[in-house]
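Trainee: I would like to go through this protein piece by piece, with the strands before the rest. Please show me the structure.

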Amino acid sequence: MKIKTTTAKVIFCASAFLLSIGIVKVHAQSNANASDQNDLKTTILKLDKQFWEAYNSCDLDTFKTFFVEDFEFYHDKGGLISGLSKMMKLVESGLCGSENPRLRREVIKGSVHVYPLHNYGAIISGDHQFYMKEKEQDEKRIEIAKFTHVWQYKNNQWKMTRVLSYDHQPAPQNTDKKEISVSDKLLMQYIGTYQAPKTGTVIVSKKENLLEIKAGKMQAIVYPQSENLFFHKQSPLTFEFIKNENGQVIKFIVRENGAIAEEAKKI
């Protein structure tokens with residue numbers, strides 16, 4: 001059976017009209033959702049900032065207000081901590097213990113993202129770094145990691161129900177130093193056994209086109225900054241090899257943040 005031309009036109013126009021209404025409606029919803037998401041992001045970022053300010057200052061009264069009672073904390077190194085009261089005891093004796101080094105957390109700019117969580121709240125995730133300050137010593141950047149926090153909106157309040165802290169790694173050090181290429185012949189001059197007053201026996205060997213330094217449980221790959229100066233990327237250490245007037249390597253000097261920490265003589 002054939003549909004009359006006039007009828008077909010009516011059906012086509014009606015379909016086009018309904019489709020256009022649908023497009024307008026979806027576009028309006030999309031704009032509304034975008035607005036809601038922007039508001040959500042602003043709220044969560046503000047709460048996140050307040051939370052970490054309490055963390056860094058050990059303001060425990062404020063710190064605990066950000067969590068629900070059955071809060072869970074997942075840490076890739078420490079495992080699971082269940083319950084707010086248990087976590088607060090650990091924070092009081094650890095992070096905020098009077099005799100312990102003080103930790104400071106700092107977000108890595110540009111890494112933070114906020115996502116809506118339907119009928120629940122929001123998720124925030126990103127990368128951060130930690131600094132440690134011991135008594136009478138300068139603050140040191142010691143670790144980088146990733147974080148994910150789950151926020152719940154309930155009874156007109158925002159609180160965290162789950163926190164994940166993972167992918168903890170030593171913070172890159174000596175980032176101001178640039179690696180150069182040196183010959184295998186030069187590296188061969190430095191390999192051997194050394195003796196240091198504090199560290200004891202130190203073995204310097206060649207690993208591919210770099211030097212490897214071993215002392216007890218310590219094992220470090222070091223990179224050439226110049227022909228006789230090497231640096232470690234995972235700690236603020238540098239190693240300067242010293243030669244005598246005959247061009248023979250006699251020792252190396254270890255510096256930490258520029259200050260001499262050890263001297264190892266070649267044996």
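Trainee: How many bridges join β5 to β6?

Mentor: This is a predicted model, and the values here are computed from it. In it, β5 covers residues 121-133 and β6 covers 140-154. The two strands run antiparallel, and the number of bridges that join them is twelve.

Trainee: Which residue in β6 is the bridge partner of Ala122?

Mentor: Ala122 falls in β5, which spans 121-133. β5 is joined to β6 by bridges. The partner of Ala122 in β6 is Trp151.

Trainee: Which residue takes a positive phi in the hairpin of β5 and β6?

Mentor: This hairpin has six residues between its strands. Phi is near 60 degrees at one of the residues of the hairpin, and that residue is Glu136.

Trainee: In which sense do β6 and β7 pair, parallel or antiparallel?

Mentor: β7 covers residues 157-170. It pairs with β6 over eleven bridges, and Phe147 has Ser165 in β7 as its bridge partner. The sense of the pairing is antiparallel.

Trainee: Where is Asn155, and what is its phi?

Mentor: Asn155 sits in the loop between β6 and β7, a hairpin with two residues between the strands. Because its relative accessible area is 66%, Asn155 counts as exposed. Asn155 is not a glycine, yet its phi is positive, near 55 degrees.

Trainee: Is Asn119 buried or exposed?

Mentor: Asn119 lies in the loop between β4 and β5. It has a positive phi of about 60 degrees without being a glycine. Exposed means over 50% relative accessible area. Asn119 has 71%, so it counts as exposed.

Trainee: Is Gln152 buried or exposed?

Mentor: Gln152 is placed in strand β6. Leaving out residues up to four places away in sequence, it touches Val68, Tyr120, Gln157, Trp158, Lys159 and Thr161. The cut-off for buried is under 20% relative accessible area. Gln152 has 18%, so it is buried.

Trainee: How far apart in space are Leu95 and Asn56?

Mentor: Leu95 is in the loop between α3 and β3, and it is buried because its relative accessible area is 15%. Its contacts, not counting residues up to four places away in sequence, include Tyr55, Cys58 and Leu103. Leu95 and Asn56 are 39 residues apart in sequence, while their C-alpha to C-alpha distance is 9.3 Å.

Trainee: What is the volume of the largest pocket?

Mentor: Its lining draws at least two residues from each of several elements, among them α1, β1, β5, β6 and β7. The volume of this pocket is about 630 Å³.

Trainee: Which residues are the closest to the centre of the largest pocket?

Mentor: The lining has 27 residues. They divide into 18 nonpolar, seven polar and two charged. The closest to the centre are Tyr55, Phe73, His75, Val91 and Ser165.

Trainee: What share of the residues in the protein is buried?

Mentor: The secondary structure comes to four helices and 15 strands. Its accessible surface is about 17,100 Å², with 54% of that belonging to carbon and sulfur atoms. Of the 267 residues in the protein, the buried share is 33%.

Conventions: Residues numbered from 1 in each chain as written. Predicted model: local features only at pLDDT ≥ 70, side-chain atom pairs only at ≥ 80, totals over all residues. Heavy atoms only, no water. 1 Å grid on protein atoms, 1.4 Å probe; cavity = no way out; pocket = protein on both sides within 12 Å on 5 of 7 lines; lining within 4 Å. Points joined across faces, edges and corners; volume = space filled by probe spheres on them. Nonpolar A, V, L, I, M, F, W, Y, C, P; charged D, E, K, R; others polar. Pairing = 2+ DSSP bridges. Buried < 20%, exposed > 50% of the residue type's maximum accessible area, 1.4 Å probe, protein only. Contact = heavy atoms within 4.5 Å. Areas by Shrake-Rupley, 256 points an atom, 1.4 Å probe, with all protein chains shown as cover.
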